[in-house]
Amino acid sequence: FLAAGDSFTMAAQVSEDETFAERLSNDLNIDFFNAGVDGYGTYQVLERYKQLDSRLELDGLLLTFFVGNDVHDNVRWPQIQAEARRMVAGKPLSRRPVGALHGFLYKRSAVYAAIQMALRRQALSSPNHPERHRWKSELMLFTQDGAGVLGAQLPATSNALSDLKRAVEERGDQLMVAVAPPAFQIEQERMSATFQLVGLNPQNARLDAVSTAVVDLLKRKGIPYCDLVEPLRRAQQAGGELYLQYDGHWSPKGHAVVADAIERCFKQGRH
């Protein structure tokens, strides 16, 4: 199976043997190849699957659909394609250089990480910060005021999922979509700070709006899915850090919960 998606599948924050893909390989006795790429949406996963299916002799695809920004990313697919056409094949992407001292302390010092996060929050609180508009656009979908925006953006995801299902079926493979929530949807104590940071009213939050809409799409299309919201909520209520404190991706315990939930969905063949 190809395990594909964005940074939640890539899981650079934990060791490889702690990722849900590796745990599934051990628990289900099925090889899961981790093809997660930071920032990938559904259309990019589709293209990656087409590239790798015959080379790896795949039997199926496990897509982790991150509701935090995949709906928004699917709308941006034409823009992403236009940006890609301006790039030179094989040329490394330019990255802002990171100083050696910063890299060393950021990985090893909780105090340094807390200071850096505080500085980042302060920067994002400025209306002119370049990332603020994008974050607000993504978070708007989780509010009452964003219901119309969500409805307008869903057709792009609907088309992407239809194309993905068609491609998998044409190749005789299986498809499973794991619907993954952001940290603030599970650990609601994060919600107020997250929304206020970009100028949204937390009282207008509809935290399950996007995941419910995506699950409804999957049901209508007859695509097997695994809704990770309730398993993660139950585990969070039982205690333990499922998302990293300074990151927002799954912790090792979060990956374990996700792997257990997906394993049950595979065994049940859930639709």
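**Exercises: a sheet and its salt bridges**

Glu138 is buried, at 9% relative accessible area (buried means under 20%, exposed over 50%, partly exposed in between, with a 1.4 Å probe and protein chains only). The model is predicted, so local features need pLDDT of at least 70, side-chain atom pairs count only at pLDDT 80 or more, and totals for chains, interfaces and linings use all residues. Residues are numbered from 1 along each chain as its sequence is written, and side-chain values use heavy atoms, with hydrogens and water left out.

**Exercise 1.** Find the salt-bridge partner of Glu138 and describe the pair.

*Solution.*
- Step 1. The partner is Arg134, with the closest N and O atoms 3.3 Å apart. A salt bridge here is a side-chain nitrogen of Lys or Arg within 4 Å of a carboxyl oxygen of Asp or Glu.
- Step 2. Both residues sit in helix α8 (residues 132-140). They are 4 residues apart, so about one helical turn separates them. Helices (H or I, at least four residues) and strands (E, at least two) are DSSP runs, numbered from the N terminus.
- Step 3. Arg134 is partly exposed, at 35% relative accessibility.

**Exercise 2.** Work out where Asp208 and Arg233 lie in the chain, and how accessible each one is.

*Solution.*
- Step 1. Asp208 and Arg233 form a salt bridge, with the closest N and O atoms 2.6 Å apart.
- Step 2. The pair links distant parts of the chain, 25 residues apart. Asp208 is in the loop between α11 (191-197) and α12 (209-221), and Arg233 is in helix α13 (residues 229-237).
- Step 3. Asp208 is partly exposed at 29%, and Arg233 is buried at 12%.
- Step 4. Add Glu230: Asp208, Glu230 and Arg233 are linked in a network of salt bridges.
- Step 5. Count them: the model has 10 salt bridges by this rule.

**Exercise 3.** Give the strand order of the sheet, then explain why β2 and β5 each have one side without a neighbour.

*Solution.*
- Step 1. The sheet is open, with 5 strands in the order β2-β1-β3-β4-β5 and parallel pairing. Two strands pair if DSSP finds at least two bridges between them.
- Step 2. β2 (33-34) and β5 (225-227) stand at the edges. Each has a single partner strand, so one side is left without a neighbour in the sheet.
- Step 3. Look at β5: strand β4 (residues 174-180) pairs with β5 in the parallel sense over 3 bridges. Val179 stands opposite Asp227 in β5.
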